[in-house]
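User: Got a minute to walk me through this one? I'd like to start with how the charged residues sit.

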Amino acid sequence: MLRSLLRAVASAQAKSTLIPTSIAASNSKSSQLTSSRTFAEEAVGSSVDDVAHDLISDERNRRRLLDEDERDKSLDIGPNGRPLFTSSASLSELSRKDACTYMKFSRKKLEEVLPEKLPVGMEKEFDESMRDALLVRHSFLDLRDNYRRIVDPTLQSSNSKVVIFAVSHLHSQGLSVEKQIVLDGPVSCGKSIALAMLVHWARDEGWLVLYVPEGRSWTHGGLFYKNPQTGLWDTPVQAANILQDFLKYNESSLMKLPCKIFDPIPLGEGAGVGRMKDADSMAMPEGEELSLVKDIPVLFAIDQYNSWFTFTEFEEPMTVRSSRPIHAKEVATVNAFRSMMHDNMMIGAFSHSTAVGKLRKDLPDVPTNARVMFPRYTLDEASVVSHYYLRQRLIRREAFSEEGWKKLYFLANGNGSEMRWLLPFMR
């Protein structure tokens, strides 16, 4: 945001200060022209420096005031006198009573639990609100309880009338559960954050989780070549990154799992790696295929999942002057993990910011009842969000009103990012 403001000021100042330059040019004196340009550049630089200084000063002042606010617990009150923050210490302890409250996190601990990468939306929320806290939403609790009941069917919801949202839109059959879910929904409705929180909860519970925060990275960048044995396109750079990311949090759990697959691995010939001499295969190392793990629950969580149903940036040469785009399903890594036609727990989230285009409702390799819509903020959630931003001094107290935040809520149509941007302009 700071850079955008600086660019805007620089552009505006450049236009206004260059007017005297054109007038000076009519005097046909190169020295005057040069001095005018120099003056313009100095004026622009000075204005940009002043704006940057003001913004930095405002940010420091806001942080100082927020530090002082920490001593005043009366500020931690939301709409209708309810507390703004939950007292629950973990995602597992959250109940339905904690919905529409904020949960405090430690960015350092989050990066330890989610070493692959934090969602961009989560980082923006932390930075602009100046607090590492997230809204506890009913939609997240529905997701968590859905997978919790799969592992332990005896568990009951704290509210017997609650229906899992992923199923309620489709079957309305009480406490039914789904092992495979595809989260769809409008831009900035919170899919990526909900997915990351689900991964956080599952890892806290001791689950083995393959978390892919950027599915698009599997189909863009790096080396690619066609494997003659499989007919698929191997991407060794992405494959190495996938394995390294998987080990970042799961290494200790993987070391405890016994090996159950002893078939030899056929050795191919990769980009820049020649075939081993006098060797066609090698023994299977200690390890286990994830789908065969029974000792602990396993969850596949894929963000930007829609990137796996369109074309990659790779192309196959057809003639000297033509080539064809390679579809994601032709990439070996995507082909191995894209399908949901199995009995494993798997959740994918669409990311419309990746701009892959609109996909048809019935996707290949995905159960017909798996795709569900993730909601934007409800009016109750928007009320809490508005009071939270007031608490974090994104909104001036003298300008805050219920009528004001409601107008901005309907203007943004429940879009979380747009509300965070609009609320400071409340008058």
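Analyst: Sure, one term to begin with: buried means under 20% relative accessible area, exposed means over 50%, and partly exposed is in between (1.4 Å probe, protein chains only). This is a predicted model, where local features need pLDDT of at least 70, side-chain atom pairs count only at pLDDT 80 or more, and totals for chains, interfaces and linings use all residues. Residues are numbered from 1 along each chain as its sequence is written, and side-chain values use heavy atoms, with hydrogens and water left out.

User: Okay, is R420 buried or exposed?

Analyst: R420 is buried, because its relative accessible area is 8%.

User: And which residue does R420 form a salt bridge with?

Analyst: E128, with the closest N and O atoms 3.2 Å apart. A salt bridge here is a side-chain nitrogen of Lys or Arg within 4 Å of a carboxyl oxygen of Asp or Glu. The pair links distant parts of the chain, since R420 is in helix α13 (residues 416–422) and E128 in helix α5, 292 residues apart. Helices (H or I, at least four residues) and strands (E, at least two) are DSSP runs numbered from the N terminus. E128 counts as partly exposed because its relative accessibility is 30%.

User: How many salt bridges are there by that rule?

Analyst: The count comes to 27. One of them joins D127 to R107, with closest N and O atoms 3.0 Å apart. D127 sits in helix α5 and R107 in helix α4 (residues 107–113), 20 residues apart. There's also a network of salt bridges linking R96, D142, R144, D145 and R148.

User: What about K406 and E402, where do they lie?

Analyst: Both are in helix α12 (residues 402–412), four residues apart, or about one turn of the helix. They form a salt bridge too, with the closest N and O atoms at 3.2 Å.

User: Switching topic: which residues have the most contacts inside the largest nonpolar core?

Analyst: Y147, L299 and I347, in a core of 38 residues. Such a core is a set of buried Ala, Val, Leu, Ile, Met, Phe, Trp, Tyr and Cys residues joined through side-chain atoms within 4.5 Å. The largest share, eight residues, comes from α8. A second, separate core of 27 residues includes V182, Y305, F314 and A328.

User: What is I347 in contact with?

Analyst: Setting aside neighbours within four places in sequence, the partners of I347 include L143, Y147, L195, L299 and M340. Contact means heavy atoms within 4.5 Å.

User: And D76, buried or exposed?

Analyst: D76 is buried, because its relative accessible area is 14%. It lies in the loop between α3 (30–69) and β1 (102–104). The side chains of D76 and R391 are joined by a polar contact of 2.7 Å. That term means a pair of N or O atoms within 3.5 Å; within protein, one must be able to donate a hydrogen and the other to accept it, and residues adjacent in sequence count only if both atoms are side-chain atoms.

User: Last thing: where is the pLDDT below 50?

Analyst: First the average: the protein comes to a pLDDT of 81, with 72% of the residues scoring at least 70. pLDDT is the predictor's confidence in each residue, from 0 to 100. Residues 1–34 are below 50, and pLDDT also stays under 50 over residues 157–175. Where pLDDT is low, the predicted coordinates should not be read in detail.
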